[in-house]
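Biologist: I should be grateful for a close look at one part of this model, with an account of what surrounds it in the wider structure.

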Amino acid sequence: MNLFLAAAFSFAVTLIPMAGSAAEAPQPNVDQPAVSDLDLPYVYTDWKQYTVEDGLPNDHIFAIDVDGPWVWIGTEDGLARLDKRTGEIRSWREKDGLPWRVVSAIAADPDTGEVWLGMFGGGLARFSGGRFDHFHQLNSGLVNDVVYGVCIENENIWAATTAGASRYNTRTGEWTIYTEKNAPMEEIWNYGCSYADGKVYLGVWGSGVLEFDVATEHWKDYLDPDGEMEIDLYRDDGIVHVITTGVSYVDKTLWITTYFGASRYDGRHWRGYFEKDSGSPSDFHNAVKARSANEAWFSTDKGLAQVADFPTDTWVVYTTDHASHTGQAVISRGDRVLETRTIPPNIPHNYVLWTAIDGDDLWVGTSKGLAHAKGTGYFPGLRRGADQAETQKPEKQETNRGGS
Amino acid sequence: MRNTVKDTLLMTCLILALIVVAPFARADDSGTTDNTTEPLDTETVLEAIDVDSHEVPDLPLKKSSNYASSAVDVEPFGHVEPYTEHFLEQLEYTGPGRAKPEPESLDTVKIGFLGPIVPTVSVATGGQSHEEPLGIAMLRGARMAIDEANGAGGYHRRQLPFELVVHNDNGLWGASGNEIVDLAYIDNVWAIIGTIDGANSHIAIRVALKAEILMINTGDTDPTFIETNIPWVVRTIGDDRQQNYLLLDYLYRKQGYERVAIIRASNRYGRFGVRELLDGSRRLGHPIVIEMAYPVGGEDFSLQIDRIAEAEPQAIVHWGDGVDGARILNQIRERGLDQPFFCSDRCASDEFVSLAGDHAEEVFSTYPWNPHREDPVLERFRHDFKERYGVEPDTYAAHAYDGTNLLIWAIQNAGLNRAKIRDLLAYRSDPWPGVTGDIPLNAAMDDAGEVFMTRWDGEGWRYYSREDLEIPGGFIAPETRQERQSLTTSDTGGETQ
């Protein structure tokens, strides 16, 4: 019987190519500019790692935000503040007034100096003047205490929670709750939040990305066009999957991460990224942070991945081999590796949870510590290799501790 | 024009092939295309997962050629080669958790339980909660497994008793997330069993992923639960996708119906429970003629039944709770409709029979296991359960018993380390021999075992396998969809045009 089945199926599949391909993979939306393998991106080589030995309250880093000289770090057991000028780290735990131990999201308001903390099961907190103000689902309009993302939109604070989004007006004290009742949330499991240019973007697990226009208070949703969980039908037809984990909106370009790949949308063209067709080391993305329309950083479970130059599909992936105390930067164009550079250890663990951009520098949160990448001589896009090597001579190498 | 001709010829070839092979069904005797690259014994897994915080175990990952053993004629967008297929390779955990040492001072080994056990009125459950009987049954099954393990010496390595830490999951809006946080960070349990409601389960596993703690689901049949790509989730019950596939084959391939109607609960269980039935019916050329939703716990279903009557279906499928199903069935018969009535597994309950009376004997329900399988272990479980609780174990009790035993097995072998407990299940090659039957975990760590149909015969439930009812199935291809495309390309020397 099995032989019969195999024969029948083989008969069918043998005939298929005679009929031609029913559907051909779409081509990239952006024309590839002329580029040579000598055109390479900037590679970060000057890294410093921080762990509990340096004063962090915990090595499991969930969130980072930078505000002037301060780097705010949310961990699985406390909040930390690193002074970039001195390297000094101060931390707060529950015994110090932090309302809950797990800090899963941070947004520092550059206008007020207030730091907003999303807490994993602990609600939302405002840290200001040395005091924590605690907002939770029993004393405020916070829709749920499991907060995955926080962002600041004008005088409003948005909290992406596991059961909807809340918007808190810091001037009037008014709360607005968004769920499937008043927003196009097929599911209510909010995960990420990003604000720029009058638009708030929510990454919603099971509901793609939602765009909130602040001026009109209208919503727009971005869903996987094929609507199927087990496939992505076409790469560049929209968001690659509705299980969205991160969103970053910069230069009118939207970068999106999922546990199935990543997407970029410039308002007209979509581009999908998978491990199999790009420089990304994994399809499992915990978060994304964009520096520009052409550059974004992906926090994956197998390293820190960067789209270094979107038009040429050039990537850099950073990993550290703890056993050999060396780091690696793999430069690729699409899935073709151009160069693998051995560099000093970079990220303290290859399971990356968060990336924050600080001018030319980077701060990277992993499940085993924090990393600071100094961007001396950083340049966007690509340069001819010889010029770049000259530009990138590190000022000093002793900043690397040789792994955690 | 040229493409149109090509497409027509292509579709004709596929249809011809399917007509030829469809009556003979499956890819292999087990009906599954899940496979492991090589079998792994427990010792090999334990040795490989003994790594430092920066290493990832060097073990082969399970691979499947076909997600959920879907027949080719019910695959989504079957005429197109998808750019990417998901859930075909086992998920990895690449974090540092395996290096955490076992804590020294412990009085018990805590296992979390999350289930609907206390009645509430909440938005999360769509108003008045209704799943407590299922949650209580689930709790009973889990407790029994814990007590038996403790009777056998508890946690063997340190002679500590197991402790079930019980949390209710249907309180405030999104409460399951808060409960998992409490279980992970305050109760410090080693893994969690739960839950039943699809929405609450989804909320819970998002928290489990971030907290890095294993969740074993024994009662949520929502297909999308496992389709989230979270490496911390295991399910030990056949889901609604599998039950839909069996029902599709029964309705169309065996009975030859062409017009089927759906009436379902207006909640996540009803909405996602019929998803593959809706899609599969359309893909088989028999779109569902009408789908009507009703509020859970309603009394009057005349609006839905009137609309269904107008659609003149040949058969009606209900997906919802047993009580609602019985009321709907009675009102359908009172209305004079005599179409065959099919139900989801929640109708296979004493409550359904009690309310539906003689009408119950006409109903076929899908069911995730066969409680009448001849198995001394199952017999002992049924006997002990009835002796302890005074009732027969239902599906929620039996699956919770299996899931808890599977978890205890993992803890006994892995020790008290959340990541290693997860690894023992992720890399397990052999099916778990449960009282509900063999539970093979596929690449997505979902129960890929057989599902059944059941019918009340006036004296008791009778359970039927696909083979018992001679239900033909669609052809399950032994290659991935992309491999199939490669085959066609290589057969013609690489030419696809």
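What is the relative accessibility of Cys343(B), and is this residue buried or exposed?

Modeller: The model is predicted, and the values that follow are computed from it. Cys343(B) has a relative accessibility of 0%, and therefore counts as buried. Cys347(B) likewise stands at 0% and is buried. Over all chains the count of disulfides comes to one, and the cysteines that form it are Cys151(A) and Cys193(A), with sulfur atoms 1.9 Å apart. This pair joins distant parts of chain A, since Cys151(A) lies in strand β11 (residues 147-153) and Cys193(A) in strand β15 (residues 189-196), 42 residues apart. Both partners can be described in the terms used for Cys343(B): Cys151(A) has 6% relative accessibility and counts as buried, while Cys193(A), at 13%, is buried as well.

Chain B offers further buried positions. His167(B) belongs to strand β7 (residues 162-168) of chain B. Its relative accessible area is 13%, so His167(B) is buried. The side chain of His167(B) makes a polar contact of 2.6 Å with the side chain of Glu179(B). Leaving aside residues up to four places away in sequence, His167(B) touches Phe113(B), Leu114(B), Gly115(B), Glu179(B), Asp182(B), Leu183(B) and Asp187(B).

Glu179(B) leads to helix α4 of chain B, where it is one of the buried residues. This helix covers residues 175-186, twelve in number, and reaches 16 Å from its first C-alpha to its last, close to the 16 Å expected at 1.5 Å a residue. Ten of those twelve residues are buried, so α4(B) is largely enclosed by the rest of the structure. Among the ten are Ala175(B), Ile180(B), Val181(B), Leu183(B) and Tyr185(B). After α4(B) comes Asn188(B), which has a positive phi near 55°.

Helix α8 of chain B, residues 275-283, also has buried residues, namely Glu276(B), Leu277(B), Asp279(B), Gly280(B) and Ser281(B). In an α-helix there are 3.6 residues a turn, so residues three or four places apart point the same way. The elements that cover the buried residues of α8(B) include α6 (240-254), β11 (260-265) and β13 (315-319), which belong to chain B. Just after α8(B), Gly285(B) adopts a positive phi of about 90°.

To return to your question, Cys343(B) is buried, at 0% relative accessibility.

Technical notes:
Residues are numbered from 1 along each chain as its sequence is written. Chains are lettered from A and ligands numbered from 1 in the order in which they are written. This is a predicted model: local features need pLDDT of at least 70, side-chain atom pairs count only at pLDDT 80 or more; totals for chains, interfaces and linings use all residues. Side-chain values use heavy atoms; hydrogens and water are left out. Buried means under 20% relative accessible area, exposed over 50%, partly exposed in between (1.4 Å probe, protein chains only). Helices (H or I, at least four residues) and strands (E, at least two) are DSSP runs, numbered from the N terminus. Contact means heavy atoms within 4.5 Å. The expected span of a helix is 1.5 Å times one less than its number of residues. A disulfide is a pair of cysteine sulfur atoms within 2.5 Å. A polar contact is a pair of N or O atoms within 3.5 Å; within protein, one must be able to donate a hydrogen and the other to accept it, and residues adjacent in sequence count only if both atoms are side-chain atoms.
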